[in-house]
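This briefing is meant to be read beside the structure. Please keep both views open and find each residue as its name comes up.

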Amino acid sequence: MSQHTTNIEEEESFAPIYANQEDFNPQDTVSSFLNTTYDPTRLHPLAGLGGGLDYLNLDDDPGVLPGTQGGLLPSRGWSDDLTYGTGLTYITGLSVGGAYGFYEGLRSSPSPAFKIRLNTVLNSMTRRGPFIGNSAGVLALMYNGINGGIGKARGNQDPLNSVAAGALTGALFKSTAGLRAAGSAGGVCAVIAGIWAFGKDAIF
Amino acid sequence: MPRSSDHSRDPCPYVIFSDLGASFAMGAIGGGVWYGIKGAKNSPRGERFPGALVSLKARAPVLGGNFAVWGGLFSTFDCGMKGIRQKEDPWNSIASGFLTGGVLAARGGPKVAITSAALGGVFLAVIEGVGIVLSRAFADQNRPMMPQLPDIAPPASQ
């Protein structure tokens with residue numbers, strides 16, 4: 001009796017195809033036994049598993065911080081804010097001051113000779129640029145530091161944290177100029193920080 | 001054996017801004033402490049705290065800016081060297097220190113620039129050398145151990 005079947009369950013058995021003499025058929029071609037229900041995609045290690053393996057659905061939990069969702073200004077936490085925020089603010093301030101100094105140096109150069117003009121431009125760039133850059137950097141450092149501190153103390157990151165941090169930064173920055181200057185500087189910086197924080201949520 | 005790349009730093013163009021900010025923070029805070037103490041020491045007895053404040057308000061941002069420029073330029077050259085050489089080596093850092101020192105002193109003429117560049121290169125070589133010595137000293141802790149296989153009798157041969 002022939003034991004050869006084409007059942008799916010029997011495919012894994014290793015019985016030879018032509019177990020008995022009666023199975024031999026001279027009309028059989030190669031394609032008649034090579035092209036059976038053999039499906040190469042079933043050899044893939046993850047084939048036929050479907051949705052059963054939950055551990056493969058890895059969703060990187062982005063966390064509750066608004067910056068971790070990506071977007072235009074991604075940030076992984078207070079250390080990123082501190083380093084990248086301060087760095088970007090410093091280089092922006094340096095560039096703005098440098099551009100102003102460049103323009104001023106070009107305009108106020110005493111002689112059209114190239115070397116003298118270059119010297120004047122460089123002098124005025126190094127006079128204006130670092131002043132604005134340093135001040136912007138110090139403000140950004142204080143703001144990010146206080147923002148991180150408030151966030152850690154409160155346990156959550158609100159745009160209100162940013163407003164409070166801005167107020168404290170402005171007040172601290174101008175604290176040696178008297179109470180009134182500190183108060184007005186705190187107010188101005190709180191408004192700027194609020195626009196930044198709420199605007200960032202709205203736009204990005 | 002290839003040196004493993006440092007995965008704790010962010011990828012190359014973005015790390016320049018991070019280094020700028022971190023250097024500025026180090027310079028400003030360190031300068032705040034240093035010039036605060038210096039200003040307090042150099043003031044008359046009743047005026048120590050205002051003296052400290054005046055001194056650190058004037059000098060600490062400048063030191064922060066200097067550190068930031070040094071760190072930002074260094075990081076830019078470092079990323080440039082990595083991009084050109086397509087390797088991660090201590091030589092990248094040493095060459096970047098050399099170039100940074102040279103560029104920052106370029107306005108003083110070639111001799112001053114070369115001197116400053118050499119100082120920058122030596123400084124970075126010292127830092128990298130100390131780093132290599134430390135990593136060799138602590139490398140034994142990371143030695144890979146062969147897993148202990150359980151004792152199973154081998155299958156009886158046919």
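A:Glu104 is buried, because its relative accessible area is 17% and the cut-off for buried is under 20%. That places A:Glu104 among the buried residues of a predicted model. The points below start from this residue and go on to other salt bridges, the aromatic rings, the interface, a surface patch and chain A as a whole.

**Salt bridges**

- Side chains of opposite charge can pair when their charged atoms come close.
- How many salt bridges does a search of the whole structure find over all chains? The search finds four.
- One of them joins the side chains of A:Glu104 and A:Arg128, with 3.1 Å from N to O.
- This pair links distant parts of the chain, since A:Glu104 sits in helix α2 of chain A and A:Arg128 in helix α3 of chain A, 24 residues apart.
- While A:Glu104 is buried, A:Arg128 is partly exposed at a relative accessible area of 30%.
- In chain B, a salt bridge is formed by B:Arg9 and B:Asp19, whose closest N and O atoms are 3.2 Å apart.
- B:Arg9 belongs to the segment before α1 of chain B and B:Asp19 to helix α1 of chain B, so this salt bridge ties together parts that are 10 residues apart in sequence.
- Is B:Asp19 buried or exposed? B:Asp19 is buried, because its relative accessible area is 16% and buried means under 20%.
- Its partner B:Arg9 has 37% relative accessibility and therefore counts as partly exposed.
- B:Arg85 and B:Asp89 also meet through their side chains in a salt bridge, at 3.1 Å from N to O.
- Both of these residues are partly exposed: B:Arg85 has a relative accessible area of 30%, and B:Asp89 has 23%.

**Aromatic rings**

- A pair of aromatic rings is described by the distance of the centres and the angle of the planes.
- The count of aromatic pairs over all chains is three.
- One of these is the tilted pair of A:Tyr90 and B:Phe24, with 5.3 Å centre to centre and 40 degrees between the planes.
- Why does this pair join two chains? A:Tyr90 is in helix α2 of chain A and B:Phe24 is in helix α1 (residues 12-41) of chain B, so the pair has one ring in each chain.
- Both rings belong to buried residues, A:Tyr90 with a relative accessible area of 2% and B:Phe24 with 0%.
- Another pair is made by B:Trp70 and B:Phe123, whose ring centres are 6.3 Å apart. Their planes stand at 80 degrees, so the pair is edge-to-face, as angles over 60 degrees are.
- The B:Trp70 and B:Phe123 pair links distant parts of the chain, with B:Trp70 in helix α2 (residues 48-85) of chain B and B:Phe123 in helix α4 (residues 110-137) of chain B, 53 residues apart.
- B:Trp70 is partly exposed at 27% relative accessibility, and B:Phe123 is partly exposed at 48%.
- One aromatic cluster takes in B:Trp70, B:Phe74 and B:Phe123.

**Between the chains**

- At the interface, 18 residues of chain A are in contact with 20 residues of chain B.
- The two chains bury about 1500 Å² between them, and carbon and sulfur atoms give 67% of that area.
- How many salt bridges does the rule find across the interface of chain A and chain B? It finds zero.

**A surface patch on chain B**

- B:Val122, B:Val126, B:Val130, B:Leu134 and B:Phe138 make a nonpolar surface patch of about 460 Å².
- Within this group, B:Val126 lies in helix α4 of chain B.

**A loop residue in chain A**

- A:Ser109 is in the loop between α2 (78-107) and α3 (114-154) of chain A.
- Its relative accessibility is 17%, so A:Ser109 counts as buried.
- Apart from its neighbours within four places in sequence, A:Ser109 has contacts with A:Ile116, A:Arg117 and A:Thr120.

**Chain A as a whole**

- Chain A has five helices and zero strands, in the pattern α-α-α-α-α along the sequence.
- Of its 204 residues, 25% count as buried.
- Among contacts in chain A with a separation of 6 or more, 46% are between residues 24 or more positions apart.
- The accessible surface of chain A is about 14400 Å², and 64% of it belongs to carbon and sulfur atoms.

Notes:
Residues are numbered from 1 along each chain as its sequence is written. Chains are lettered from A and ligands numbered from 1 in the order in which they are written. This is a predicted model: local features need pLDDT of at least 70, side-chain atom pairs count only at pLDDT 80 or more; totals for chains, interfaces and linings use all residues. Side-chain values use heavy atoms; hydrogens and water are left out. Helices (H or I, at least four residues) and strands (E, at least two) are DSSP runs, numbered from the N terminus. Buried means under 20% relative accessible area, exposed over 50%, partly exposed in between (1.4 Å probe, protein chains only). Contact means heavy atoms within 4.5 Å. Rings of Phe, Tyr and Trp (its six-membered ring) pair if their centres lie within 6.5 Å; planes under 30 degrees apart count as stacked, over 60 as edge-to-face and the rest as tilted. Patches are made of residues with over 30% relative accessible area and no salt bridge: like charges are joined within 9 Å, nonpolar side chains (Val, Leu, Ile, Met, Phe, Trp, Tyr) within 5 Å. Accessible areas come from the Shrake-Rupley method with a 1.4 Å probe; for residues, only the protein chains shown count as cover. Buried area is the accessible area (1.4 Å probe) that two parts lose on being put together, summed over both.
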